[in-house]
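Let's take a walk through this model, starting with its aromatic rings and then stepping back to the whole chain. Keep the 3D view open as you read.

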Amino acid sequence: PPPGLEPGYDMVHYGHSNQLRQAKAMGDYLIVGVHSDEEIAKHKGPPVFTQPERYKMVRAIKWVDEIVEGAPYVTTLETLEKYNCDFCVHGDDITLTVDGKDTYEEVKRMDRYRECKRTQGVSTTDLVGRMLLMTKAHHSNIDSSEYQQHTDNFGKGPKGHSPWTGVSQFLQTSQKIIQFASGKEPQTADTIIYVAGAFDLFHIGHVDFLETVYKQADRPYVIVGLHFDQEVNRYKGKNYPIMNVHERTLSVLACRYVSEVVIGAPYTVGKDLLDHFKVDLVCHGKTEVFPDKDGSDPYAVPKKRGIFHTVDSGNGLTTDDIVQRIIENRLQYEARNQKKEAKEMAVIEAMKKREEKTQEQESLHSV
């Protein structure tokens, strides 16, 4: 069953992954249609992520068996037949074509349509809102001591409002974690690889890094250590992380290169952790390694054991870059909309003036 992906599917987040998980559970083989830049631009304005980036992002989601590049905006029966699909799946939000028709009218009529539930607490709009809030808040120097009192960005501050960027409305449950988790134990022949970080706003830079890590062994078992929000804020500053630890957990678990996640990993990769997971290899990308609170190197122990490895994924994209890209795209989008509105307003004004003039002339005639 191929879900014709939510049109645009520009920024891939755990809400989309959850839709794909649900879709996969409805059948045996999941084909995902991803639109081209051209198609998105036509319906939604220019995308933030390029075609190759989006194709790669969707391929990295573990429930996806195959993708169709440059999928048509409207999923037709013809498309389903072409890829030998029994039905298509879409979220329970309505999508309309430019002329106001239900995009899925035809497939619904032929009973070749299924629906999955959207994920509570996350949407692209919501995430963009959190990013925009972050840049605004960053310029109005918030008292940093207020941050340190909060271990997480999903609680409320002492004044009843959170000092964090747009607090997430996402509610984590053990059920969600079970649905996303691999449930696979490491086997004797596996190479156990440990990586740690924030993995905030899980993006193509993370995917490229994890794929590179995955390729370090024949039988890799990749464990991702996720730092708690307060820790991330300590080394990333501003209002990071944009996604809280619960959201980051699901985002990382949805990636096909990841076997396990440590929810709230210690910043220093120490003896206990390495021995507990029987870690064979610890990897870090080309990004800067920040010292721990006491100024020590968090990778001192794995380095001493000779199991520390710096990998180069060839992709230097950071969450900061992503945030910049998205904000710029959003501002351009708003500017375009304002321009369009101004144009429309001008037309309406002109029509009003014309009408007033004719009325004036008519009243003169009647005098």
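This is a predicted model, and it holds eight aromatic pairs. Take Y14 and F170 to begin with: their ring centres are 5.2 Å apart and the planes meet at 70°, so the pair counts as edge-to-face. Y14 belongs to helix 1 (residues 14-25), while F170 sits in the loop between helix 7 (144-148) and helix 8 (174-180), so this pair ties together parts that are 156 residues apart in sequence. Both partners are tucked away: Y14 is buried at 1% relative accessible area, and F170 is buried at 5%.

Now look at Y299 and F308. Their rings make a tilted pair, 4.8 Å centre to centre with 40° between the planes. Y299 is buried, with a relative accessible area of 5%, whereas F308 has 21% and counts as partly exposed. F308 has another partner too: the charged end of K303 sits over its ring, 5.2 Å from the centre. You'll find a similar arrangement at F87, where the charged end of R114 sits over the ring, 4.3 Å from its centre. Elsewhere, ring pairs join Y235, Y267 and F290 into a cluster.

Next, find helix 11 (residues 245-253), where eight of the nine residues are buried; among them are V245, L250 and L253. At its N-terminal end, N244 acts as a cap, with a side-chain oxygen 2.9 Å from the backbone nitrogen of H246.

Finally, zoom out. The chain has 14 helices and nine strands, and 47% of its 367 residues are buried. Of the contacts with a separation of 6 or more, 76% come from residues 24 or more positions apart.

Notes. Residues are numbered from 1 along each chain as its sequence is written. This is a predicted model: local features need pLDDT of at least 70, side-chain atom pairs count only at pLDDT 80 or more; totals for chains, interfaces and linings use all residues. Side-chain values use heavy atoms; hydrogens and water are left out. Buried means under 20% relative accessible area, exposed over 50%, partly exposed in between (1.4 Å probe, protein chains only). Helices (H or I, at least four residues) and strands (E, at least two) are DSSP runs, numbered from the N terminus. A polar contact is a pair of N or O atoms within 3.5 Å; within protein, one must be able to donate a hydrogen and the other to accept it, and residues adjacent in sequence count only if both atoms are side-chain atoms. Contact means heavy atoms within 4.5 Å. Rings of Phe, Tyr and Trp (its six-membered ring) pair if their centres lie within 6.5 Å; planes under 30 degrees apart count as stacked, over 60 as edge-to-face and the rest as tilted. A charge sits over a ring if NZ of Lys or CZ of Arg is within 6 Å of the ring centre and within 35 degrees of the ring normal.
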